[in-house]
Amino acid sequence: QRINLKDLILNIEKYGKKTKDCWEINIPKYKILGDGEVKEKLNIKCLEASQNAIEKVKKAGGEIIIKK
């Protein structure tokens, strides 16, 4: 399955939980695509991610962890 950053952010409460300073998102069966803007710190665990998505999340202070 694939999801764009904009769709992930629109439905962020469905996919993740808010911690003190960021959103923790665990979607191990998804590939994250880079369409959308990231303004909040996101820590995402996923199956795959596009380079564009990784760069946008890092720029906002978060990270994408790819499951191996």
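A residue counts as buried when its relative accessible area is under 20%. Keep that cut-off in mind while reading this predicted model.

Start with the cysteines. Cys46 has a relative accessible area of 0%, so Cys46 is buried. Cys22 comes out at 2%, so Cys22 is buried too. Do these sulfurs form a bond? Put better: how far is the sulfur of Cys46 from the closest cysteine sulfur? That closest sulfur belongs to Cys22, and the gap is 15 Å. A disulfide needs two cysteine sulfur atoms within 2.5 Å. The sulfur of Cys46 is therefore too far away for a bond. A search of the whole structure gives the matching result: zero disulfides. Cys22 is in none, with the sulfur of Cys46 as its nearest cysteine sulfur.

Now turn to the rings. The structure holds one aromatic pair. Its members are Tyr15 and Tyr30, with ring centres 6.0 Å apart. Their planes stand at 80 degrees, so the pair is edge-to-face. Where do the partners sit in the chain? Tyr15 lies in helix H2 (residues 12-15), and Tyr30 lies in strand S3 (residues 23-33). They are 15 residues apart, and the pair links distant parts of the chain. Both tyrosines, Tyr15 and Tyr30, are buried.

Finish at Asn4. This residue is found in strand S1 (residues 2-4). Which residues does Asn4 touch, leaving out those up to four places away in sequence? They are Leu33, Gly34 and Asp35. With Asp35 there is also a polar link to look for: the Asn4 side chain reaches the backbone nitrogen of Asp35 at 3.3 Å.

Technical notes: Residues are numbered from 1 along each chain as its sequence is written. This is a predicted model: local features need pLDDT of at least 70, side-chain atom pairs count only at pLDDT 80 or more; totals for chains, interfaces and linings use all residues. Side-chain values use heavy atoms; hydrogens and water are left out. Buried means under 20% relative accessible area, exposed over 50%, partly exposed in between (1.4 Å probe, protein chains only). Helices (H or I, at least four residues) and strands (E, at least two) are DSSP runs, numbered from the N terminus. A polar contact is a pair of N or O atoms within 3.5 Å; within protein, one must be able to donate a hydrogen and the other to accept it, and residues adjacent in sequence count only if both atoms are side-chain atoms. Contact means heavy atoms within 4.5 Å. Rings of Phe, Tyr and Trp (its six-membered ring) pair if their centres lie within 6.5 Å; planes under 30 degrees apart count as stacked, over 60 as edge-to-face and the rest as tilted.
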